[in-house]
Amino acid sequence: MGKLYYNGKIITMAEAPHTQRVEAVYVSDGYIRKVGSLESVLKDIPKNTKRIDLKGRCLMPSFIDAHSHIVMNGQMSQAADLSECGSFEEIVKKLKEYIEDQNITSEHVVVGFGYDHNFLKEQRHPDKFALDRASESIPIMITHISGHLCCVNSALLKLAGVDENTKDPAGGFIGRLEDAAAPSGYLEEGAMALVQRHVQERFRVSAASIQENMQDIYIQNGITTVQDGATTEGDLALLSQMSKDGRLKVDVVCYPLAAANGACLMEKYREFDNRYFGKLKIGGYKIILDGSPQGKSAWLSKPYEGESQYRGYPYYEDAAVEQYVMQAIQEGRQILAHCNGDAASEQFLNAYEKSLDKASDAPDLRPVMIHCQTVRKDQLARMAKINMIASIFIGHVWYWGDVHMKNLGFDRGRNISPVKDAISSGVKYNFHQDTPVTKPNMLHSVWCAVNRISRSGNVIGENQKIDVYEALKAVTINAAYEYFEEKEKGSLEPGKKADMVILSDSPLEVEVERIKDIRVLETIKNGKTVFSV
């Protein structure tokens, strides 16, 4: 039976001017069939069509996640949640409660997620001595909200064999005690790999719980297409099984790491290669080129504020990045690159431009620069020339805008997440939340882009504000473009999938300060309701 949606505020996000009056949308068999005035849509639709009175609420395309980690989101739902902790004492208390609730012994491991040293009373990362207060015998690892840094206790350092003789790995840093070579328990970027194998072996997770929990938060926020960035073999095994069992409620697009056997995973799971099977597909490769600006591991072209030399560091030498990029181009695959610092952005751009020069007949593969926190206007102009997409973590303005002003200084700080510059440069842009780093709240991202207000209430970059419709494009039709799906998703047009969301208010009509308060009332995937309040 078809469905007729009417008597609401309908935003189509179609190419036609968004002021065009649309009164009704008719859906059947999972697709949008008719859009227009109520009178025109009523013509020639079946008499048994179910009529859904929107009662003044807003109907628009469902949101599309341009970058996150859906499997990790499920995994971290089973870790100790440290996101609300404001001190070492609160972290220790939360870890002790977690140990007791989960009956964890020294044969296992404690994993915590979401602490942020920028907002702890101590204004620094916890060391091994602080975590030893939670347990001296059970290995403990707590991961920074950025996912790029972690702290571990003495038991985990001993288990992993990390001591004063352990050298910093390439692309990583081991924190040391003052005036000593002994590790402090702080591990940054590539150094996290020193302990991760032991954590993975001991972390008790329920596959059933992961499958149950990892999708719901997206659906509740009106999202029906989700990314799994940096997909591991274990992640793909889980997702492919869910796909074959019909357990995926949303479309999932995976991007294995090029540097971690990505090509082998493409071959092993070739039924998902660049096409959906049971709502799952592999979209291309992912590479990580630097770290976190709020963690001061992002790679900048100029030093951090207050530093004479330090400007972060790269993950790879130029030659390695060029190799990964050329591999993607030769295989005809899209590649996504994590670039927070402008030096990382430069490395990715140089590698892609150089590879294109060598492969002049390469098709348009829509490469994506992920995060783009400090990307410069001159770099955006180069991105436009090679159709490189800017996927912008706009929520940084709210969550860490004040931190960036401190770490980067006024000029760089106010231009984080430079959406206006991307638009004026002709770059295709979209937004993401990098879940589980932040919640997948698209309306909060829209609010951030329009208002650019930090936690302290400061406006971070008045010059980078955009209007509401431009922000909505970033989470609908522009995000669909990243996945080569703009002809199937992202707008309410005949022939497209009936992926839609019903909101309590229209983002185009409420005061811009209230956009973040709009509620998702219903999420519709392929014409079927998958969430409603």
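Helices here are DSSP runs of H or I at least four residues long, strands are E runs of at least two, and both are numbered from the N terminus. With that in hand, select asparagine 261, which sits in the loop between strand 15 (251-256) and helix 10. Keep in mind throughout that this is a predicted model.

**Stop 1: two positive phi values**

Asparagine 261 has a phi near 65°, positive although the residue is not glycine. Most residues other than glycine have a negative phi. Is asparagine 261 buried or exposed? Its relative accessible area is 51%, and the cut-off for exposed is over 50%, so asparagine 261 counts as exposed.

Now hop to the loop between helix 10 and strand 16 (280-282), where you'll find lysine 279. Lysine 279 is another non-glycine residue with a positive phi, near 70°. Its relative accessibility is 26%, so lysine 279 counts as partly exposed.

**Stop 2: helix 11**

Select residues 318-330, which make up helix 11. How far apart are its end C-alpha atoms? They are 18 Å apart, which agrees with the 18 Å that 13 residues should span at 1.5 Å a residue.

Next, colour the buried residues of helix 11: Val321, Tyr324, Val325, Met326, Gln327, Ala328 and Ile329. An α-helix has 3.6 residues a turn, so residues three or four places apart point the same way. What do these buried residues pack against? Show helix 10 (262-268), strand 17 (284-288), strand 18 (334-339) and helix 12 (342-358), and you have the partners.

Just past this helix, click on glycine 332, which follows helix 11 and has a positive phi near 70°.

**Stop 3: aspartate 361**

Carry on to the loop between helix 12 and strand 19 (368-371) and pick aspartate 361. With 69% relative accessibility, aspartate 361 counts as exposed. Try a distance label from here to isoleucine 64: the two are 297 residues apart in sequence, and their C-alpha atoms are 31 Å apart in space.

**Stop 4: a cis peptide bond**

Go to proline 436, in the loop between strand 21 (429-431) and helix 16 (442-451). Check the bond that joins threonine 435 to proline 436: this peptide is cis, with omega at about 15°. Most peptide bonds are trans.

**Stop 5: leucine 503**

Select strand 22 (residues 500-503) and you have leucine 503 in it. Leucine 503 is buried, with a relative accessible area of 0%. Which residues is leucine 503 in contact with, leaving aside neighbours within four places in sequence? Show Arg57, Cys58, Met60, Phe63, Leu443, Ile518, Arg519, Val520 and Leu521. For a distance label here, use leucine 280: leucine 503 and leucine 280 are 223 residues apart in sequence and 27 Å apart, C-alpha to C-alpha.

**Last stop: zoom out**

Switch to a cartoon of the whole protein chain, which has 18 helices and 24 strands. Its radius of gyration is 23 Å, close to the 24 Å that the globule rule gives for 533 residues, so the chain is as compact as a globular protein of that length. Along the principal axes, the C-alpha atoms fill a box of roughly 80 × 55 × 50 Å.

Colour by burial and 58% of the 533 residues come up as buried. Turn on the surface instead: the accessible area is about 21700 Å², with 46% of it belonging to carbon and sulfur atoms. Finally, mark the charges, 63 positive and 71 negative, whose mean positions are 5 Å apart.

Definitions and conventions
Residues are numbered from 1 along each chain as its sequence is written. This is a predicted model: local features need pLDDT of at least 70, side-chain atom pairs count only at pLDDT 80 or more; totals for chains, interfaces and linings use all residues. Side-chain values use heavy atoms; hydrogens and water are left out. The radius of gyration is taken over C-alpha atoms; the globule rule is 2.2 Å times the number of residues to the power 0.38. Buried means under 20% relative accessible area, exposed over 50%, partly exposed in between (1.4 Å probe, protein chains only). Accessible areas come from the Shrake-Rupley method with a 1.4 Å probe; for residues, only the protein chains shown count as cover. Lys and Arg count as positive and Asp and Glu as negative; His and the chain ends are not counted. The place of a charge is taken as NZ of Lys, CZ of Arg, CG of Asp or CD of Glu. The expected span of a helix is 1.5 Å times one less than its number of residues. Contact means heavy atoms within 4.5 Å.
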